[in-house]
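Dear colleague,

I am passing on to you the structure that follows, and below it I have set out what was found in it. Please read the notes with the structure open beside them.

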Amino acid sequence: MQKIDIAILGGGIAGLWLLNLLVSRGYSVVLLEKEALGAGQTIASQGMIHGGVKYALQGLLTDASETIASMPTRWQACLNGYGTLDLKAVKTLAQDYFLFSDAKLTSRVTAFLGSKKIKGRVTRVKKIELPDVLKSPQFNGQVYRLQDFVIDVPSLIKELARPFHARIHTGQFELDTAPGTVNGVRLSNGTEFVAQHYILAAGQGNGELIEKLNLPVKMQLRPLKQVIVKGNSLPKLYAHAVSIKAGDKPRLTITTHYLDDGSTCWYLGGQLAEKGVNKSDEALIEQTKCELRELLPWLELSECTYQVLSINRAEPSQHEQKRPDTPYVRQFGNNTVCWPTKLTLTPLLGDMVEKLLRFAPVKDPQISIEEPVRLADAPWTKKK
């Protein structure tokens, strides 16, 4: 039975980031994932690394918007090779992310987007600099460039896993537990580990682990229905669409992704995805078509196909199921439970976990799980 410092349970963005971070700090670490790396919430992410402006369209800098404000800079440092992790090999899909309106915004929102308090995070885009898809004479709204950008999540998962295949197990495993404590782990290939500390980073899977260990923490699930649009002539677009109709939140959040044949697809979030959980897939697809006709009426989308992806966001329980403003990291005995709550906040989660570890790493043993590692497929690559 091998003795190690840390076993991470869960192979999404939280688990993979922590694997890289903690190994770099000298800890002996293994990561255990029952399905494929990134399966579930991580691979379903649109890949936005954002600075929180979309949470402040009501004109107030909230706790959520300010917690996130520094995250694009943190991530960009990693993508440039000198941040917390070296992510130079991760593909960036878009350096520019836009916010556009279907007509003039309210004076309150316009004043906020031009205010000194968010200087450097938002700039008004001149007509000559508009993204190609918004250069139609029919477009009469306003466009702002945010500090946000979009990364390719499959390449992020691949790069975070690449150096550590010998430390990763994707498949079934069993925990030896007592109330509040994990005593050890047995993999499906018979390998056994005993760790000084166990990190629960399994997203929605944390619920089962918390129940098994009888830990005093509760999880909430906030469902989404994302829509995938495929078509031969879809233009590239990375933007939040806002309007008076949608209030102070993005009506649609659009990211562009690429299929194996090089063609593009759109992946849609925003209010469409949040409110769409109350609709059937068929009704949501019809609503999506109407939204796109209203926002981008000059585009020919009649040949497009549509798919709906249902996904749960797993988070610590909040009053009235409100959205958490920060990552969640809490230690219970030899366990730490964590949720990043948003992809963009993952570096902050890493900081919080590292501060909680109160033991020095031992000499890293020669860990070798010696089995293939499975990576999740992006939802837009899957057949209906």
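**What was found**

The structure holds zero disulfides, and please keep in mind throughout that this is a predicted model. As for two of the cysteines, Cys 78 counts as buried because its relative accessibility is 1%, where buried means under 20%, and Cys 265 likewise counts as buried because its relative accessibility is 0%.

**The sheet and the helix on it**

There is an open sheet of eight strands with mixed pairing, and its order is E6-E7-E5-E14-E15-E16-E13-E17. Its edges are formed by strand E6 (122–124) and strand E17 (305–316), each of which pairs on one side only. On average, and with direction ignored, neighbouring strands of this sheet are turned by 25° against each other. Within the sheet, strand E5 (residues 97–101) and strand E7 (residues 143–146) run antiparallel and are joined by four bridges, with Phe 100 standing opposite Val 143 in E7. Helix H8 (residues 281–295) packs on the sheet, where it touches E5, strand E13 (219–230), strand E14 (239–242), strand E15 (252–258), strand E16 (264–269) and E17, and the direction of H8 makes about 105° with that of E17.

**The nonpolar cores**

The largest nonpolar core has 48 residues, of which Trp 75 and Leu 87 touch the most other members. Two or more residues are given to this core by each of strand E1 (2–9), helix H1 (13–24), strand E2 (29–33), helix H3 (71–79), strand E8 (149–151), helix H5 (153–161) and helix H9 (346–356), and the largest share, nine residues, comes from H1. If neighbours within four places in sequence are left aside, the residues in contact with Trp 75 are Ile 13, Trp 17, Ile 49, Leu 87, Phe 149, Ile 151, Leu 156, Leu 343, Thr 344, Thr 346 and Pro 347. Another core, of 28 residues, lies apart from the largest one, and among its members are Ala 239, Ile 254, Leu 284 and Leu 292.

**Helix H9**

Which residues of H9 are buried, and what covers them? The buried residues of H9 are Thr 346, Pro 347, Leu 349, Gly 350, Val 353 and Leu 356, and the elements that cover them include H1, H3, strand E12 (192–200), strand E18 (328–332) and strand E19 (335–339).

With best regards

Definitions and conventions: Residues are numbered from 1 along each chain as its sequence is written. This is a predicted model: local features need pLDDT of at least 70, side-chain atom pairs count only at pLDDT 80 or more; totals for chains, interfaces and linings use all residues. Side-chain values use heavy atoms; hydrogens and water are left out. A disulfide is a pair of cysteine sulfur atoms within 2.5 Å. Buried means under 20% relative accessible area, exposed over 50%, partly exposed in between (1.4 Å probe, protein chains only). Two strands pair if DSSP finds at least two bridges between them. Axes are lines fitted to C-alpha atoms, for helices over the stretch in contact, and angles run from 0 to 180 degrees between N-to-C directions. Contact means heavy atoms within 4.5 Å. A nonpolar core is a set of buried Ala, Val, Leu, Ile, Met, Phe, Trp, Tyr and Cys residues joined through side-chain atoms within 4.5 Å.
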